[in-house]
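Student: I'm new to this structure and would like a close look at one part of it. Could you walk me through the place where protein and DNA meet, and then show me how the rest fits around it?

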Protein chains: 4
Amino acid sequence: MRSTTVNDAASPFPPPSQPRSRTADAAPGDARPVKMRLLEAAQAVFAAHGYSGANISDIVAQAGTTKPMVYYHFGSKEGLFAAVLEEVYGGMRAYERSVDLTALPAAEAMAALVRVTFDYHAAHPDWIRLISVANIHNARHIAASATIGSRNATVVQVMQRLLERGVADGVFRPGVDPLHLHMLIASFCFYRISNRHTWSVIFDRNLNTAAEARAQLELVTEAVARYLRPD
Amino acid sequence: MRSTTVNDAASPFPPPSQPRSRTADAAPGDARPVKMRLLEAAQAVFAAHGYSGANISDIVAQAGTTKPMVYYHFGSKEGLFAAVLEEVYGGMRAYERSVDLTALPAAEAMAALVRVTFDYHAAHPDWIRLISVANIHNARHIAASATIGSRNATVVQVMQRLLERGVADGVFRPGVDPLHLHMLIASFCFYRISNRHTWSVIFDRNLNTAAEARAQLELVTEAVARYLRPD
Amino acid sequence: MRSTTVNDAASPFPPPSQPRSRTADAAPGDARPVKMRLLEAAQAVFAAHGYSGANISDIVAQAGTTKPMVYYHFGSKEGLFAAVLEEVYGGMRAYERSVDLTALPAAEAMAALVRVTFDYHAAHPDWIRLISVANIHNARHIAASATIGSRNATVVQVMQRLLERGVADGVFRPGVDPLHLHMLIASFCFYRISNRHTWSVIFDRNLNTAAEARAQLELVTEAVARYLRPD
Amino acid sequence: MRSTTVNDAASPFPPPSQPRSRTADAAPGDARPVKMRLLEAAQAVFAAHGYSGANISDIVAQAGTTKPMVYYHFGSKEGLFAAVLEEVYGGMRAYERSVDLTALPAAEAMAALVRVTFDYHAAHPDWIRLISVANIHNARHIAASATIGSRNATVVQVMQRLLERGVADGVFRPGVDPLHLHMLIASFCFYRISNRHTWSVIFDRNLNTAAEARAQLELVTEAVARYLRPD
DNA sequence: AATGAATGAGTTTTCATTCAT
DNA sequence: TATGAATGAAAACTCATTCAT
């Protein structure tokens, strides 16, 4: 049940366009263009402190540049945040496109899809935070975006085709809404990361162990499998 | 399958300690104590703008009082936010305690529990936002709280007893972790509200209709039912 | 021809609400309220550098207070400028009201009015600059003002009554528009101050001497007298 | 009384070196040299916002070029403003030189000179604003100019010769200072434009109509005529 | 419990100017 | 001539917090 074509080696996704070691301030001789460095620094700072809590000074310090560059390249703090979100969604979309489940039988493909979603969220806590931040601000920063939006829903298409195949193969029951099923999976994968801090306080249990992660993945995989299983 | 003893009248939960008509600024002659008015205003403003985005001036204006009152009653902005979060969790806990599922057969009780959780989240979007905000700040505002924390997990106990009863009655399969199952339910109920803004942008579908809500409730109810059903 | 009831001692008008020695920064122990000190400092700085050229830091330094006080008391830089202009026009209006020409024969009263206008402008170069600044910005800062505007035109009423009296006495010819005549006088009195810097450069003549002032006053007085003289 | 050789066709002066249709940004393929385009854009922007309120970005955008061009051609913002003022005074001087009053009898020539001055100011509100701006900054931008200054006073010479001729012809009284008389005329013509915004607010009367302009021109013409008339 | 005024440090943003090409 | 990107300094404005009353 574990053989998939996708990224079989557990979960260490190489964060697509994420810095390799940009925890400290950018080295003076950083070759990459200022705009990119700003985007990366901004991603980290917005994720760490929220939209209003992030401050431009921190971002530019971390990017090894100066404040006016933010305004030159992005127009405003809001523009910078919007650009960060575009990057986040761009990374997701690229990732979703790279998933190829066609070689697997439907049931196994679904398990693989769940796992891939699970791992992706686990590997990108900053992106989860950024999306939370965007939602707190009613997603107004992405509303205007041309690149994010409507047709981005690659997953839903993948899901739909997979469901159809499973139904055709007699391994899934019919009548399941692909978007809703994606929501069931995504919500679990997102929430366990996004809300882990409050959960850690409220429930007396360390939920951040590898064992927990494994058990949680199994739960959602199993729930999806059973939800789809024909009666 | 829809008859429960709990809150059968659909879902319009009266927000426990939420203002009755506090959309505009507090009327000058508002009788309720300043501390309460501040708490309510703060809840609204923090929910609307995040922790750093909220500002004391707005809060006191909305509460119909003055800034020093915040420091008199709560010591600091952080203290005020912590107090708001205590209120949120206090309201939740109170609500969970009020749920009585003992009169129902296990399977129906579980459906009722799902529904109740679903409705509670739907009815309290501000609280969802506040919890998101708390998580973005690593829940450091509630970590110190004495009243929030550890033993608050009423739901988990309820869930555990319900699972045991269902297993005893032969309607649930054994071996299900109550905390994980609660996470499956809560994540869906939370996420569909918390992330609805980004979803509206990304997926070309209005997810905020009553029909959608019904379909989504059915999905999660069904998923839980099938997950628990003995093979 | 020189006997008037108004301020016979040449021209040293005590600037009504202007500081006596506020050239340097406000002394720390300045008793007057911050708002007033700000207004005075702002008047000086706006007059000296124009609206955009003036900067809040200079103003607050000169007023012996801090930047937020500007925003607390006036809302914005624009609000401060508007308040300064209200003061300017308030001072003018107060001054105009104080002029009493009823005791003089019409022709002498007119000469007195001209002289008073001449002297007032000469004594308040800052106000002239402020009005120039206001006009460069299309007077949008005073457009909204309730206190400036319409009925402020005390001079015009004074002028009108004086013209009527002169006509009745047979010393003025009829049919003269009081507003236009006021414009003729005011324009000369204003312009000789407002444009003295460019004139000094363009015309090879020192126009800032006492003798010049005397000659100019005589010119405008004479021009008005001859303009009104019956044929 | 209205027949003059100068510009009899009412008043629409073609603004000498003013753009033909430069209301919007310069078209990409604008053939005229960058320096000229900059000068025109700067004239408009400085007139609209004052010296400090004008910003280089706006100017270069409107001129369809880039910031370094300003520094290449004019050295600094101050240099650009100085160049604009030179243009303004250059335009005036050129205009004054073009006025030929020799063919008219002295009294009519004087009326023509008044009218020409009146019309010129009315046709160039931007230049009036620029001169106001220069004065607010104590004319320091033109002080250093070689081309502006001292001997530019063509008008005064014209005036002087005209006065002499009138005296000789017995139609003007002697002893009138040409510079002062020019000041009387210029102040009125300048002020009615420069201060029209504040006047519109203060006096409850629309002073920008054609009828008003006619009446005002008549006023100043008449005042000058009566001022010069031998007793 | 309440207020009006004040403060200090920090926020986002702007702007004239210049560099490398 | 021309440009895209960058810079340093300072601009306006904000905000949590506190004082005197």
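Student: How far is a phosphate oxygen of DNA strand F from an N or O atom in the side chain of C:Y71?

Tutor: The gap is 2.9 Å, going from a phosphate oxygen of DNA strand F to an N or O atom in the side chain of C:Y71. Keep in mind that you're looking at a predicted model. Let's stay with strand F for a bit. Its phosphate oxygens also have backbone partners: a polar backbone atom of B:I56 sits 3.0 Å from one, and a backbone N or O atom of B:K77 lies 2.9 Å from one. Now look at which elements give two or more residues to the surface near this strand: they are α3 (67–74) of chain A, α3 (67–74) of chain B, α3 (67–74) of chain D, and from chain C both α2 (56–63) and α3 (67–74).

Let's widen the view to everything around that strand. There are 30 residues around DNA strand F, and those that come nearest are A:P68, A:Y72, B:Y71, D:V34 and D:Y72. Of the strand F atoms that come within 4 Å of the protein, 60% belong to sugar and phosphate. As for the character of the surface near strand F, its residues split into 16 nonpolar, ten polar and four charged.

Now hop over to DNA strand E. Here, too, 30 residues are around the strand, with A:Y71, B:V34, B:H73, C:P68 and D:Y71 coming nearest. Sugar and phosphate make up 59% of the strand E atoms that come within 4 Å of the protein. A:Y71 has a polar side-chain atom 2.7 Å from a phosphate oxygen of DNA strand E. From chain D, the side chain of D:N55 has an N or O atom 3.3 Å from a phosphate oxygen of that strand. D:K67 reaches a base instead: a polar atom of its side chain is 3.3 Å from a base oxygen of DNA strand E. The elements giving two or more residues to the surface near strand E are α3 of chain A, α3 of chain B, α3 of chain C and α3 of chain D. If you sort the residues of that surface by type, you get 16 nonpolar, ten polar and four charged.

With the DNA in view, how are the chains arranged? Take A and B to begin with. A turn of 180 degrees, with a shift of 0.1 Å along the axis, lays chain B on chain A with an RMSD of 0.1 Å. The two copies are therefore related as by a two-fold rotation axis. They also meet through the same surface, because 98% of the interface residues of chain B are interface residues in chain A as well. Chains C and D can be treated in a similar way: a 180 degrees rotation with 0.0 Å of shift along its axis superposes chain D on chain C, at an RMSD of 0.1 Å. Since 98% of the interface residues of chain D are also interface residues in chain C, these copies meet through the same surface.

For a closer view of where A and B touch, go to B:R226 in helix α11 of chain B. Its side chain makes a polar contact of 2.8 Å with that of A:D231. Beyond residues up to four places away in sequence, B:R226 touches A:R173, A:R226, A:Y227, A:R229 and A:D231. B:R226 is buried, with a relative accessible area of 8%.

Helix α11 of chain B, residues 210–228, also holds B:V220. That residue is buried too, at a relative accessible area of 1%. Leaving out residues up to four places away in sequence, B:V220 touches B:V114, B:F118, B:I185 and B:F188.

That brings us to the cores. The largest nonpolar core has 153 residues, and A:F46, A:M110, A:L181, B:F46, B:M110 and B:L181 have the most contacts inside it. Apart from that core lies another, of 152 residues, including C:I131, D:W199, D:F203 and D:A223. In soluble globular proteins, nonpolar side chains tend to be buried together. Pick B:F46 for a look at one such residue: aside from neighbours within four places in sequence, its contacts include B:Y51, B:A54, B:I59, B:L80 and B:L130. B:K77 is also in contact with B:F46, and you met B:K77 earlier through its backbone atom 2.9 Å from a phosphate oxygen of DNA strand F.

Finally, step back to one whole chain. Chain A has eleven helices and zero strands. Of its 231 residues, 54% count as buried.

Technical notes
Residues are numbered from 1 along each chain as its sequence is written. Chains are lettered from A and ligands numbered from 1 in the order in which they are written. This is a predicted model: local features need pLDDT of at least 70, side-chain atom pairs count only at pLDDT 80 or more; totals for chains, interfaces and linings use all residues. Side-chain values use heavy atoms; hydrogens and water are left out. Copies are superposed by least squares on the C-alpha atoms of residues with pLDDT of at least 70 in both. Contact means heavy atoms within 4.5 Å. A nonpolar core is a set of buried Ala, Val, Leu, Ile, Met, Phe, Trp, Tyr and Cys residues joined through side-chain atoms within 4.5 Å. Buried means under 20% relative accessible area, exposed over 50%, partly exposed in between (1.4 Å probe, protein chains only). A residue is near a molecule or strand if one of its heavy atoms lies within 4 Å of it. A polar contact is a pair of N or O atoms within 3.5 Å; within protein, one must be able to donate a hydrogen and the other to accept it, and residues adjacent in sequence count only if both atoms are side-chain atoms. Helices (H or I, at least four residues) and strands (E, at least two) are DSSP runs, numbered from the N terminus. Ala, Val, Leu, Ile, Met, Phe, Trp, Tyr, Cys and Pro count as nonpolar, Asp, Glu, Lys and Arg as charged, and the others, Gly among them, as polar.
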